[in-house]
Structure formats: C-alpha cells, structure tokens
Amino acid sequence: MTVVRRQLLETLMDQLELPVGAVELALMDLALTDISSSATVNNEKLEFLGDAALRLAAGEFLMEMFPEMSLGEMSAVRSQLVSDRALATLAKRYNLNHYLVLSKSAAGDKAGANSRLADTVEAILGALYLSTGNLSLIHPWLDPHLERMTKELRSDPARKNYKAALQEITQSRYKSLPIYQSEEISQVHGDEERFRAEVWFNGVLLGEGKGRSIKQAEQAAAEIAFGKLQQGADRETFTAENVETKEIEIKNPARAS
C-alpha cells in the first residue's frame, strides 16, 4: 500500500469517526476495491456480509428508537433505509467515490454510479462487522443517519415510492388506476433525462417527469401527480361516477391520430 493510499484511508476513517486501530487499513482498502478493478481481490464478499449487517442494524435501530411503529410500518421504513438510493446518498455525504478503486470504464459509467456507491457502503459495513464480530462499530456511525432518514420518511406519506402511493390514493378514492406513458428522448447512456414519462388519470394529465430509466421517470411523474391529489386538486373531475371501476385505456390527446 502506498503512502498516499494509506493517508487517504486514514482520512476517511477519521471522517467516519472510527476509533484508531478499530479496523485494519488493508480491510478498509479491500472494502473500497470495486470488482471492476480486480476479479479476484475486490469487495464483493464484504458487501455480502455488510448487506446482512445493515438490515440487522436498521431493524435494531427501529425497534429501539421507534417502538410505537407497527410491524408493517417498520418493514416499509426499513426497506427504504437499506435501499440503493439511501445508501448512495450516504456515500455521497462522505465522498466515497474519491476513495473507491475501480477501472477506467467503470469510472465513466454514470448509470451504474449509485448502485456502485451503495455496494461500497455495504462493503464498509461488512468490514466494520468483520473487525468486531458485532454491530458495535456500525451503530455509532450509522444510527444518526438512520434517525435522520427515518424522520424524513415518516413525514412523507408516500415513503418515497410515489407510484405505489398514487395507486393507493386513486384506488381508495376512485376505484381505478393511473395510466403511464413513457418514451426514450435521448440515446446517451447514463443521461439523467434519458426517458420521459406521463401519468394520466380519467383523461387528465396529472404529471410528467424525466429520469435515467423508465422507472425513475415514472416515479418523477407520479410524485407530481401524488402532490396534486394530496392537495385536493381535481377532486371534482375525479368523482366516483366519472371513473370506471376497472382499469381503462387513456390516450394522450396530443398523440391521438
């Protein structure tokens, strides 16, 4: 290990507020070594271990800090806490991409960046668990982030899954489902606005959004639509009498021939 690499790892461990000597530098270095840089020496096994440790740590945290939660709410919140989106956001707080060892091709793969960062967080958690055989290094670092994210999630009725939330509100109020239409508007791999999606309900365009995948674009459109319905918009338009009780095909008037 070079002197520069050692200094980088020590800087990161200081940022993570880990006790001096709690984790071997070689193990932390392995946790930050992406499979793209080496097929034999990489962080895959640490990621595997860290994934299990993360779910256990998140479960323990919720049980201790939010005992009033129902089992269903705990399950829903934990699924968001351990999601790639949440882990990638956490990784960016610590600028983990700066410490990650990966190939040039992987470094240029913007589409896979968030997934790679999420895997790195899990690998670091695996290294912390392996160093002690328990969660004693994980909870002090992770719990403050889990608490912040949990409070944000509990204040958001959609739990960041706006497609599911929109479907729930349209089914409960109007006994019908929204319709999504999507299209690819860019051929550039990794483009943040590669796809565009619209969400329609009862012939009304409720929202549109863009994203690097169809799923992300639909979530962006659903977030706008959900916000409108939460604010009571279009209640008169979407009366029970005006909406069929079965899923109907809705055509975009602008695209109709």
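Here is a short chat about reading the sheet and the cores of this predicted model.

Visitor: Let's start with the sheet. In what order do the three strands sit?

Guide: When reading a sheet, go through the strand order and then the direction of pairing. Here the order is β1-β2-β3 in an open sheet, with antiparallel pairing. β1 (179–184) and β3 (204–211) each have a single partner strand, so they are the edges, and one side of each lacks a neighbour in the sheet. From one strand to the next, the twist averages 20 degrees.

Visitor: How many bridges join β2 to β3?

Guide: Seven of them, with β2 covering residues 195–201 and running antiparallel to β3. For a concrete pair, look at phenylalanine 195, whose bridge partner in β3 is glycine 211.

Visitor: Which helix packs on the sheet?

Guide: That's α10 (residues 214–230), which touches β1, β2 and β3. Its direction makes about 140 degrees with that of β3.

Visitor: On to the cores. Which residues of the largest nonpolar core touch the most other members?

Guide: A core can be read as a network, by looking for its best-connected members. In this 48-residue core they are Met28, Leu96, Leu128, Trp141 and Leu142. Several helices supply at least two residues each, among them α1 (3–15), α3 (44–65) and α8 (138–154). The top contributor is α7, with eight residues.

Visitor: What does leucine 128 touch?

Guide: Leaving out residues up to four places away in sequence, leucine 128 touches Leu18, Val23, Asn134, Leu137, Ile138 and Trp141. There's also a second, separate core of 13 residues, including Ala165, Leu166, Ile169 and Phe226.

Technical notes:
Residues are numbered from 1 along each chain as its sequence is written. This is a predicted model: local features need pLDDT of at least 70, side-chain atom pairs count only at pLDDT 80 or more; totals for chains, interfaces and linings use all residues. Side-chain values use heavy atoms; hydrogens and water are left out. Two strands pair if DSSP finds at least two bridges between them. Helices (H or I, at least four residues) and strands (E, at least two) are DSSP runs, numbered from the N terminus. Axes are lines fitted to C-alpha atoms, for helices over the stretch in contact, and angles run from 0 to 180 degrees between N-to-C directions. Contact means heavy atoms within 4.5 Å. A nonpolar core is a set of buried Ala, Val, Leu, Ile, Met, Phe, Trp, Tyr and Cys residues joined through side-chain atoms within 4.5 Å. Buried means under 20% relative accessible area, exposed over 50%, partly exposed in between (1.4 Å probe, protein chains only).
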